[in-house]
Amino acid sequence: MQPVRIGMVGARFGATIHLQNLAPLRGTRVQVVGICSKSRDSAEACARRYEIPFVTTELAALLDRKDVDAVDLCVLTALHHTFAIQAHDPGRRCGHLLHQLRQGKNLVIDQLRHPQGESCL
């Protein structure tokens, strides 16, 4: 089985917690292939610490990469809705990034349905 290739959004406390939790899985089950943050300094520091090969301050640049299977949103909860909608792609795996959005946000759920009508939640 190929590892899930993850793009991280956010590079501060939440991202470091997620990256620490992913550490035992890296290389075999997951690869963190890129990180995006509004602060290039934060993104570069996190990328150096966790050996993440791609750094950007533009969400679109991370999402446009063909090697991103899933997106881990490590940003303020208030930004999850907007970023989850932007990150959704029927070919990209959904999962943890949407855990906060299950609480009655029908707009998000409706917009994140696969073309076949299957929810990625």
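**Group meeting talk: a pocket, two cores and a few residues**

Hi everyone. Let me start with the largest pocket, where α1 gives the largest share of the lining, three residues. Before I go on, please keep in mind that this is a predicted model.

The space in that largest pocket comes to about 340 Å³. It is lined by 17 residues, and those closest to its centre are Gly10, Ser37, Lys38, Cys74 and Val75. Two elements, α1 and α4, give two or more residues to the lining.

Let's stay with helix α1, which runs over residues 13-22. Which of its residues are buried? They are Ala15, Thr16, Leu19 and Leu22. Looking down the axis of α1, you find these buried residues within an arc of 125 degrees, so they line one face of the helix. As a reminder, an α-helix has 3.6 residues a turn, so residues three or four places apart point the same way. Phe13 and Asn21, on the other side of α1, are exposed. And what do the buried residues of α1 pack against? Their partners are β1 (4-9), β2 (30-36), α2 (40-50) and β4 (70-73).

That takes us to the inside. In soluble globular proteins, nonpolar side chains tend to be buried together. Here the largest nonpolar core has 18 residues, and the ones touching the most other members are Ile6, Met8, Leu19, Val32, Ile35, Cys46 and Ile52. At least two residues of this core come from each of β1, α1, β2 and α2. The biggest giver is α2, with four residues. Apart from this core lies another one, of 12 residues, including Leu62, Val68, Leu73 and Ala87.

Ala87 sits in helix α4, residues 77-87, and counts as buried because its relative accessibility is 3%. In sequence, Ala87 and Ala70 are 17 residues apart, yet their C-alpha atoms are 8.6 Å apart in space.

Back to Ile35 for a moment. Leaving out residues up to four places away in sequence, Ile35 touches a list that includes Met8, Gly10, Ala43, Cys46, Phe54, Thr56 and Leu62. Let me pick out Thr56, which lies in strand β3. Is Thr56 buried or exposed? With 7% relative accessibility, Thr56 counts as buried. From C-alpha to C-alpha, Thr56 and Ile35 are 6.5 Å apart, although 21 residues separate them in sequence. With the close sequence neighbours again left out, up to four places away, the residues that Thr56 touches include Cys36, Ser37, Arg40 and Ala61.

Now the cysteines. How many disulfides does the structure hold? Zero. Cys74, one of the residues closest to the pocket centre, is in no disulfide, and the nearest cysteine sulfur, that of Cys46, is 8.6 Å away. For a disulfide, the two sulfurs would have to be within 2.5 Å. Cys74 counts as buried, at 13% relative accessibility. Cys36 is buried too, with a relative accessible area of 5%.

One last stop, for those of you who like backbone torsions. Most residues other than glycine have a negative phi. Glu51, however, has a positive phi, near 55 degrees. Where is Glu51 found? In the loop between α2 and β3 (55-56). Glu51 counts as exposed, because its relative accessibility is 68%.

That's my tour. Thanks for listening, and I'm happy to go back to any of these residues on the screen.

How values were computed:
Residues are numbered from 1 along each chain as its sequence is written. This is a predicted model: local features need pLDDT of at least 70, side-chain atom pairs count only at pLDDT 80 or more; totals for chains, interfaces and linings use all residues. Side-chain values use heavy atoms; hydrogens and water are left out. Buried means under 20% relative accessible area, exposed over 50%, partly exposed in between (1.4 Å probe, protein chains only). The arc is that of the directions from the helix axis to the C-beta atoms. Contact means heavy atoms within 4.5 Å. A nonpolar core is a set of buried Ala, Val, Leu, Ile, Met, Phe, Trp, Tyr and Cys residues joined through side-chain atoms within 4.5 Å. On a 1 Å grid over the protein atoms alone, a cavity is a set of points where a 1.4 Å probe fits but cannot get out, and a pocket is an open set with protein on both sides within 12 Å along at least five of seven lines; lining residues have an atom within 4 Å of a point. Grid points are joined across faces, edges and corners, and a volume is the space filled by probe spheres set on the points.
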